[in-house]
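Take a moment to turn the model around on your screen before reading on. We'll walk through it one stop at a time.

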Amino acid sequence: MTFTNTMEVALAVKAFGAYAGDKPLEAMDIERRATGAHDVKIEIAYCGVCHSDLHQVRAEWGGTRWPCVPGHEIVGRVTEVGGHVKNFKAGDLVGVGCIVDSCGECPECADGYENYCDGMIGTYNFPTEDAPGHTLGGYSQQIVVNEGYVLHVKHDEDKLAAVAPLLCAGITTYSPLKHWNTGPGKKVGIVGIGGLGHMGVKIAHAMGAHVVAFTTSESKREAALALGADEVVVSRNEDEMAAHALSFDLILNTVAAPHNLDAYINLLKRDGTMTLVGVPAEAHPAPNVAALIFKRRSLAGSLIGGIPETQEMLDFCAKHNIVADIEMIRADEVDAAYDRMIKGDVKYRFVIDTASLAG
Ligand code: NAP
Ligand code: ZN
């Protein structure tokens, strides 16, 4: 174990990012701060490619800070810890998700909901004192993070690449599934079988629910059953949809594009909830209020998850032998991967091998 202090020099690191929303990503050199007393330095092995990376680096949401280095599904090994770090040592397998800091003082932080802290600092595109003034994410060789935002990975090391997507796709589905009491006797729908959705199917199945996967892709019908879905509905087929009217306790909607929400709200039973986690660049058509009122249904949202719950999710997935289904890419293939992601042409998550940044 090496101890350092904040006086040491910053670290030059190779990364992959973009200088503007209409420019492809390219190799760039970035700086990481020297390992502070409470920091953990991590050699990044793999980083998952989330649809949020695409939304932000292509400036679909607005507010992107340049240069933008995306990536918040980070796994790797600790190489150095600061003198006051208690829970990590060099050599540990770790993960970093969407959050690298928060205010630490508000009721949300006190309850372990750093994801709902107004001062939450995301892993990329959030203000920081570190160069260049905003956070830079995991499409890079190394990252330095306060230990309070670092997670222990307990899966076997040979699964490490497939663990990466749990750090966003896993927690973003685990948290609402748990919050809305997914378990035996519950009928749960997962809409959109992409990076988030395929994790949702696996996790809801492991929680013991009856799981129905909704997909627009006929080609995912068999594949979704293999993920653990009890039934699959191709949502373009109205008869298949109608067969499930008034039957769901919970529907978790991960779709990254605007679509008709009523088609799903009508499938909820009385007091059922549809939770949106997808954040399309343009708004959904307004839902029909009557469909909510007459059966006391709820339309809700959910944002990733807090740090304690992210560790709980990782431990749950290690116990149940759950990892993501991935396709490994080089960093310089990421733009092509985004294009394929938009077409739903990935089963189910691209993961960057950060060794490709060296050459
Ligand atoms: P993804 O891998 O692209 O998956 C989205 C899936 O939605 C696609 O695979 C496709 O599934 C379905 N879909 C896409 N376009 C559609 C359309 N026009 N109509 C109907 N279905 C469509 O994306 P992801 O990484 O899972 O992320 C999904 C969304 O969640 C993004 O907007 C992302 O920014 C957001 N997100 C939110 C949070 C949060 O905390 N709330 C966290 C992470 C990501 P089928 O082929 O099965 O139809
Ligand atoms: Zn994400």
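Helices here are DSSP runs of H or I that are at least four residues long, and they are numbered from the N terminus. Keep in mind that this is a predicted model. With that in hand, look just after α4, where Asn181 takes a positive phi of about 60 degrees. Let's use that helix as our base camp.

How many of the residues of α4 are buried? Nine of its eleven are, so α4 is mostly covered, with "buried" meaning under 20% relative accessible area. The buried ones are Ala169, Gly170, Ile171, Thr172, Thr173, Tyr174, Ser175, Pro176 and Leu177. What covers them? The cover includes the helices α5 and α10, along with β10 (187-191), β13 (248-253), β14 (268-276) and β17 (349-353).

Let's take the two helices in turn, beginning with α5, which spans residues 195-206. The axes of α4 and α5 are 8 Å apart, and the helices pack at an angle of about 50 degrees. The two are therefore oblique to each other, and their crossing is right-handed. On the α4 side, the contact is made by Ala169, Gly170, Thr172, Thr173, Tyr174 and Leu177. On the α5 side you'll find Gly195, Leu196, Met199, Gly200, Ile203 and Ala204. Sort the residues of this contact by type and you get seven nonpolar, five polar and no charged.

If you're puzzling over the spacing of residues along a helix, here is a handy rule. An α-helix has 3.6 residues a turn, so residues three or four places apart point the same way.

Now for α10. The axes of α4 and α10 come within 10 Å and cross at roughly 100 degrees, which makes α4 roughly perpendicular to α10. From α4, the contact uses Gly170, Ile171, Tyr174, Ser175 and Lys178. From α10, it uses Glu309, Thr310, Glu312, Met313 and Phe316. How do the residues of this contact divide? There are four nonpolar, three polar and three charged.

Zoom in on Ser175, which sits in α4. Is Ser175 buried or exposed? Its relative accessible area is 8%, so Ser175 is buried. Setting aside its neighbours within four places in sequence, Ser175 is in contact with Ile304, Gly305 and Glu309.

Next stop: the metal. Which residues hold the zinc ion (ligand 2)? Cys50 (SG), His72 (NE2) and Cys168 (SG) coordinate the zinc ion, at 2.0 to 2.2 Å. Along the sequence, these donor residues follow the spacing C-x21-H-x95-C. The two cysteines link distant parts of the chain, being 118 residues apart. Cys50 is in the loop between β3 (39-48) and α1 (51-57), while Cys168 is in the loop between α3 (160-163) and α4 (169-179). So this stop brings us back to our base camp helix. Both cysteines count as buried: Cys50 has a relative accessible area of 2%, and Cys168 is at 4%.

Finally, visit His320, which lies in the loop between α10 (307-319) and β16 (326-329). With a relative accessible area of 33%, His320 is partly exposed. His320 and Asp345 are 25 residues apart along the chain, and their C-alpha atoms are separated by 27 Å.

Note on methods: Residues numbered from 1 in each chain as written. Chains lettered and ligands numbered in written order. Predicted model: local features only at pLDDT ≥ 70, side-chain atom pairs only at ≥ 80, totals over all residues. Heavy atoms only, no water. Donors = N, O, S within 2.8 Å, 3.2 Å for Na, K, Ca; no water. Buried < 20%, exposed > 50% of the residue type's maximum accessible area, 1.4 Å probe, protein only. Contact = heavy atoms within 4.5 Å. Axes fitted to C-alpha atoms, helices over the stretch in contact; angles between N-to-C directions. Parallel < 35°, antiparallel > 145°, perpendicular 65-115°, else oblique. Left-handed = near helix turned anticlockwise from the far one by under 90°. Nonpolar A, V, L, I, M, F, W, Y, C, P; charged D, E, K, R; others polar.
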